[in-house]
Amino acid sequence: MRLTRALAAAAALSLLASCGGPAAPQEPTGPITLTWWHNGTSDPIKTVWQDVVTDYQGKNPDITIEAQPIQNEGFSTKIPLALQSPTPPDVYQQWGGGDLASQVTSGKLADITDASKSWISTIGDFAKGWQVDGRQLGVPFAQHVVGFWYRKDLFTQAGITAPPTTMAELNGAVAKLKAAGLAPIAVGGKDRWPDAFYWNYFAVRECSQQTIESSVKNLKLDDPCWVKAGQDLVDFLKTEPFQEGFNGTPAQQGAGSSAGLVANGKAAMELQGDWNPGTMSSLTEDKDLDSKVGWFPFPTVPGGQGDPEAVLGGGDGFSCTTRAAAACAKFLEYLTGPEIQNKLAAAGTGLPVNEAAVSALKTENLKTVAEHGRKAPYVQMYFDRAFPTDVGAALNEAVANLFAGQGSPQGIVDAVNEAADGAK
């Protein structure tokens, strides 16, 4: 499996040159305190990270870890500001791709290429998403794959006998669910990024891998397949597949969120990442939810140039800054090792990057998703992460406008290209 790199190589080289390149770790001396910013604000990962702090400090008495959980959406503003300050966090949440490339200009990121040589192979090619110009500037601790989570009981109620494999079958399932008085698909339009998953997947199906890689590298959407992806989305929106008021629905906050609607049987499907079962379980009193939920990959699109087995995804990871980079690199080795990877997998916080921990995944659904990701010809990083930060934000905004009945397929392409021109 290969993660399509979402970095503009020429831009990355320019960024590295302008700031002298990221600094390599220096071996720390004496007691060290690591400040750690992560997004584990709720269980199950909140407890896992709390235990990690206790365990790691117990095994490394010269290391003190000061963990600061931060709401996921807060990182987009907090990290750029922190990297401009004299005292950024020593370890911070990192999604790789364009975000990582955008952060290089700060001069605060540590190059852990040499420090990670002895263990980075346990992650495999997936670690390349946390590189700039071949330099390892962070590592993932969890992989994510996006697909449809669905209620088996609601499918049965609507007379759907098998998960859809083509867009025609998905449209047919939507019609059957509506006829049965059910909301076919929930989407958290208020948060915008769930909307973008649909355009992302239509683009992966319409555009060849070569076109995607070239377009992301050159920050230019100039192939007709990009507009075709938007038209596919327009056609799908015309089927009215989503719940009432979807543009104002949050993705993961509360029982009325898109995840909560599926968890409580108010909607039949949601296009989301592998984290969704854990999110849903916290939004319902139904203790038998796992047995009622299934998963299937995004359907094929007729005439598309993309590989029909390719998947959309990404990962969660961490980067080190320069103050205590060697100690940080050792901490990241611990997080990607079998002990913590097994704990993360068992807690249902994501798909492990260390293949040895796949067997610890707590449900057959998650094992199915992990297997699908491993067998995929390639995993395309979410485009809002693949592109530089401002370009990704422009994409999500344009797609959200289309969901709200504004804009056009060409308008999405234009918004990305205009933002990219500003980022070059």
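At 34% relative accessibility, K343 comes out as partly exposed in this predicted model, and D55 falls in that class too, at 25%. The two side chains meet in a salt bridge, with 3.0 Å from N to O. It's a pair that reaches across the sequence: D55 sits in helix α2 (residues 45-59) and K343 in helix α14 (residues 338-347), 288 residues apart. Nor do these two stand alone, since D55, K59, E339 and K343 are linked in a network of salt bridges. Over the structure as a whole, the salt bridges number 17.

Another of these contacts pairs D99 with R385, whose closest N and O atoms lie 2.4 Å apart. D99 belongs to helix α4 (residues 97-103) and R385 to helix α16 (residues 383-386), so this bridge ties together parts of the chain that are 286 residues apart in sequence. The acidic partner, D99, has a relative accessible area of 6% and is therefore buried. R385, on the other hand, reaches 21% and so counts as partly exposed, the cut-off for buried being under 20%. R385 has a second role to report: its charged end sits over the ring of W95, 4.3 Å from the ring centre. A further salt bridge joins K128 and D125, and here the closest N and O atoms are 3.7 Å apart. K128 is partly exposed, at 36% relative accessible area, and D125, also at 36%, is partly exposed as well.

Turning to the aromatic residues, a search of the whole structure picks up 31 ring pairs. One of them is made by Y56 and Y334, with ring centres 5.0 Å apart and planes at 50°, so the pair is classed as tilted. Y56 comes from helix α2 and Y334 from helix α13 (residues 325-336), which means that the contact ties together parts 278 residues apart in sequence. Y56 and Y334 are both buried.

Y198 and F236 make a pair of another kind: their ring centres are 5.9 Å apart and the planes meet at 25°, and because stacked pairs are those with planes under 30 degrees apart, this one is stacked. The partners sit 38 residues apart, with Y198 in helix α7 (residues 193-206) and F236 in helix α9 (residues 224-237). Y198 is buried, at 1% relative accessibility, and F236 is buried too, with a relative accessible area of 3%. Both rings also take part in a wider cluster, in which ring pairs link F148, Y150, F155, Y198, Y201, F202, F236, F242, F246, F296, F298 and F403.

The helices that carry some of these rings can be described by how they pack. Helices α2 and α13, which hold Y56 and Y334, pack at an angle of about 120°, with 12 Å between their axes. The two are therefore oblique to each other, and α2 passes α13 in a right-handed crossing. Helix α9, home to F236, packs against helix α18 (residues 409-423): the axes come within 7 Å and cross at roughly 135°. That angle makes α9 oblique to α18, and here again the crossing is right-handed, with α9 passing α18.

A few backbone details round off the picture. D43 and P44 are joined by a cis peptide bond, with omega at about 15°. P44 is found in the loop between β2 (32-38) and α2. D133, which isn't a glycine, has a positive phi near 55°. This residue lies in the loop between β5 (131-132) and β6 (135-136) and, at 39% relative accessibility, counts as partly exposed. R192 is another non-glycine residue with a positive phi, this one near 70°. R192 is found in the loop between β8 (183-185) and α7, and its relative accessible area of 33% makes it partly exposed.

Notes
Residues numbered from 1 in each chain as written. Predicted model: local features only at pLDDT ≥ 70, side-chain atom pairs only at ≥ 80, totals over all residues. Heavy atoms only, no water. Salt bridge = Lys/Arg side-chain N within 4 Å of Asp/Glu carboxyl O. Helix = DSSP H or I, 4+ residues; strand = E, 2+ residues; numbered from the N terminus. Buried < 20%, exposed > 50% of the residue type's maximum accessible area, 1.4 Å probe, protein only. Phe/Tyr/Trp six-rings, centres within 6.5 Å; stacked < 30°, edge-to-face > 60°. Lys NZ or Arg CZ within 6 Å of the ring centre and 35° of its normal. Axes fitted to C-alpha atoms, helices over the stretch in contact; angles between N-to-C directions. Parallel < 35°, antiparallel > 145°, perpendicular 65-115°, else oblique. Left-handed = near helix turned anticlockwise from the far one by under 90°.
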